[in-house]
Structures are given as structure tokens and as C-alpha cells.
Amino acid sequence: MAAGVLYTYPENFRAYKALIAAQYSGADVKIAPNFVFGETNKSEGFLKKFPAGKVPAYESADGKVLLTESNAIAYYVADAALRGGDLATQARVWQWASWADSELLPASCAWVFPYLGIMQFNKLNVERAKQDLLAALKVLDSHLLTRTFLVTERITLADIIVFTTLLHAYQHVLDASLRKSLVNVGRWFVTVANQPRVRAVVGDVTLCAAPPAVDHKKFQDLTISKKDGAKKEKKAEKKDQPKKEKVEESPALDDEPEEKPKESKDPFDSMPKGTFNMDDFKRCYSNEDESKSIPYFWEKFDPANYSIWYAEYKYPEELAKVFMSCNLITGMFQRLDKMRKQAFASVCLFGTDNDSSISGVWVWRGHELAFPLSPDWQIDYESYDWKKLDPANEETKKLVQNYFSWSGEDKKGRKFNQGKIFK
């Protein structure tokens, strides 16, 4: 049976994985007393054992086992029942653990942390994270339709890891209205939360009752406190450092060749800049409601140097699960990363599983179809039909309104399901 010390700060959901696993396996895992995050994990003794300075960190009673990754720690202190009795079950357990880290964790943190003041609030990023997490939870909901737990008929590490990863989302952002469409996940989550061994670690879990409200002051206060701490550390460092002698730079030699300016690799740079400031609009769209950001777009838009395009995915009959269709959009965005500076798009998915469509409104500098300008941009665009829109046309303004505000229906009357923003 494993025995050791877990270094962590209070209410660390990552540390909960190991502590819950220890409750089930009977492992003797004690939390290190007097641990102060930012101090203990920066001390010489701690860094000698755990060079990365990360927590949670685990040290076995005999000092021979040192671990830092939360899933690895949970696996070490678990027993065979939690890990899986055979190779196939163990693989399924680890499949869900990996899925939680790749699909749930990034989206959950990006959605929850701005409301907790840990990250700066950005409306666009929060909305994107929300849609990503809800899409992943729909996958989980389908899986749990005929199952009580994720892998076997009893709790395994898969349930523990996925549960703890979703804990903050269920506490802070997944309000009652959102949980209505995730009945199976909700049943599973509450079942796990009410297990005596889980409650012994996390206590009573209070579910989010209403949509969260952002408090910008939280992040400001946190930023100020961090800056103050950093200033104090700098002052302390300066006191200990010897004064540096001023060294004069040698003048450049007359025959030294001047450095040639680098040639731009951005195809848009050869086009007139015009008056439309794409960055300003993106900031407005990210931080203001559509009632302000869409009028701002039309007020600032420069039709002489920028164009608006409508794109429609050519093969809707191939679209199956909604989450897979959303991944199709995300993949295209990722492959167009170098185009972001001079382009903006709102791409929406309409409909439901096995009956959906993808279309969007794009804006970029210039009046030609942008994708042929660079070989790096040509992977996905031929899967879409592209139509240049007239900015002065009322139909164009209606399309922009619908796509920028994520509302309305597609040509066949399918209702808006979810959207993604390219910025």
C-alpha cells in the first residue's frame, strides 16, 4: 500500500484526484503541513526534489518515489480496482484521463478562470471556451446514456479524473439552464459527488445556480498584488547585486554593411491598409455586446479596401455528430493561423446531429479571395462555396447581424446550434 506526502495548496482540484484515489485504495497519503504556494515550492529543498516547482507533488514515505503530474500521482496511490483489472480496461481508463486533459481541462479553465479573476476576461475567448466545453460534454452525455460510470460498473480513475476536471465548471459556470441538455452527465456527476469517499475529500458540492457575472475588479486586484510582490522581489535582488560598471558601446564601422530590411511574408502587406483597423474592431467585438460591436463594425468598415464574403460548406450530407463538425471548423482556423492579423470570421453550425450545415461570414483586406494568396491557406477553402457580398446591400447587413450575433437559421430552416470566431 502506498504511503507518502502530497504537497499542495487548499482546494486544488488536481490534488483531489490523488486524495480521492487514496480514499478508495486505503493509501496513506498525508498533505504536507505548512505548505505555502509560491514559497514552499520555490524553496531550495523543494526544487531539489521537484525541479519544475509544480504542485501537486508527491513524495513516498521512503523518499524513493517523487512525482509531480496529478494523473501519475493518482495512478500510483490507486489500487487495481481503480486502475482496471485487465489491460483493455486500463487502456479505457487512461483514454478518459487523456481526454479530460485534452478536451475538458483547457476549455473549462478558459471559461471558469476569468469569472474567478484568475485570468483577464475576454468575451470572445470565454464564449469560445464555453462552446468547446459544451461540445465535449455532449460527447460525454451520449456515452453515459446507458452507463452509470465511465468504464466499469463501479468508480475507476476515469471517473475520478473526469469528475475533478469538471468540478469548477459545475460549481461556477454550468448553470441550471445549461445542465438541462446534459442530463446523463449531470446524473453521473451528482452520483460521483455523493460517494462517501469523494465527499470526504471535496465536501458538499454546490452546483452553479445562475449564469456567472464577470467582476473585472477581481482580476485587477489580483494583478496589482502580483505586481507589488514582483516589485518587492526585484528590490531585494537589487540590494544583493553589485553595481554594474557602465560600458560604452563602440561606434559602428563606416564600412560595416547595413542590415537589409526583412521581406514581408504576409500577402496582405502588399495591399493598401485603408482606414479599417481590424485590431480595434476585434477588441470591440471581444469586449462589447453585439448591440455595440456590430454598429461599430459598420461605422468603421472601409469598403474601398476590405471585402465581406459568405462561405458555405459544400458537403453537409457528410456532417454527422455536432462535435465532429465543430472540430472541422476549429481545424480550418488552426491551419489559417497566419491569416488572423488581417482577417475576421464568424462561422456557425446550424442544426443537430446528422442534420446540420456549416456556413460563415468572413472579412479580410483586399477584394479578391484571400486563400490563393498563400500555399499555407489553401488546405480547406475549396470545401466551401465562396460568395463576395455587397456591403451596401441590406441582405449583407442582415447576414452580418445574424452571424456576428450567433442567431437565426440556415437556408433550410435549421436553427443556430453553436459558432466559432476566427480573430
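A nonpolar core is a set of buried Ala, Val, Leu, Ile, Met, Phe, Trp, Tyr and Cys residues joined through side-chain atoms within 4.5 Å. Keep that in mind for the exercises below, and remember that this is a predicted model.

**Exercise 1. Find the largest nonpolar core and work out which helices build it.**

Step 1: Start with the size. The largest nonpolar core has 66 residues, and Leu-140, Leu-166 and Trp-188 have the most contacts inside it.

Step 2: Look for the suppliers. At least two core residues come from each of H1 (13-25), H3 (70-77), H5 (87-116), H6 (123-143), H7 (157-172), H9 (183-193) and H10 (196-202). Helix H5 gives the largest share, with 13 residues.

Step 3: Zoom in on Leu-140. Skip its neighbours within four places in sequence, and you'll find Leu-140 in contact with Trp-96, Trp-99, Leu-150, Val-162, Leu-166, Val-185 and Trp-188.

Step 4: Now look elsewhere. Another core, of 26 residues, lies apart from the one around Leu-140, and Leu-319, Phe-371, Tyr-381 and Tyr-384 are among its members.

**Exercise 2. Decide whether Val-126 is buried or exposed, and list what is in contact with it.**

Step 1: Place the residue. Val-126 sits in helix H6.

Step 2: Check the cut-off. Buried means under 20% relative accessible area. Val-126 comes in at 5%, so it's buried.

Step 3: List the contacts. Leaving out neighbours within four places in sequence, Val-126 touches Ala-110, Trp-111, Pro-114, Tyr-115 and Phe-121.

Step 4: Try a distance too. Ser-108 is 18 residues from Val-126 along the chain, and their C-alpha atoms are 9.6 Å apart.

**Exercise 3. Explain why strand S5 counts as largely enclosed, then find its partner strands.**

Step 1: Count the buried residues. S5 covers residues 306-313, and seven of its eight residues are buried, so the rest of the structure largely encloses this strand.

Step 2: Take one partner. Strand S7 (residues 355-365) pairs with S5 in the antiparallel sense, over seven bridges. Within S7, Val-361 is the bridge partner of Tyr-310.

Step 3: Take another. S5 also pairs with strand S8 (residues 384-389), again in the antiparallel sense, over six bridges. Here Asp-385 in S8 stands opposite Glu-312.

**Exercise 4. Say how many disulfides the structure holds, and check Cys-109 and Cys-284 for burial.**

Step 1: The disulfide count is zero.

Step 2: Cys-109 has a relative accessible area of 13%, so it's buried. Cys-284 is buried as well, with a relative accessible area of 13%.

Definitions and conventions:
Residues numbered from 1 in each chain as written. Predicted model: local features only at pLDDT ≥ 70, side-chain atom pairs only at ≥ 80, totals over all residues. Heavy atoms only, no water. Buried < 20%, exposed > 50% of the residue type's maximum accessible area, 1.4 Å probe, protein only. Helix = DSSP H or I, 4+ residues; strand = E, 2+ residues; numbered from the N terminus. Contact = heavy atoms within 4.5 Å. Disulfide = S-S within 2.5 Å. Pairing = 2+ DSSP bridges.
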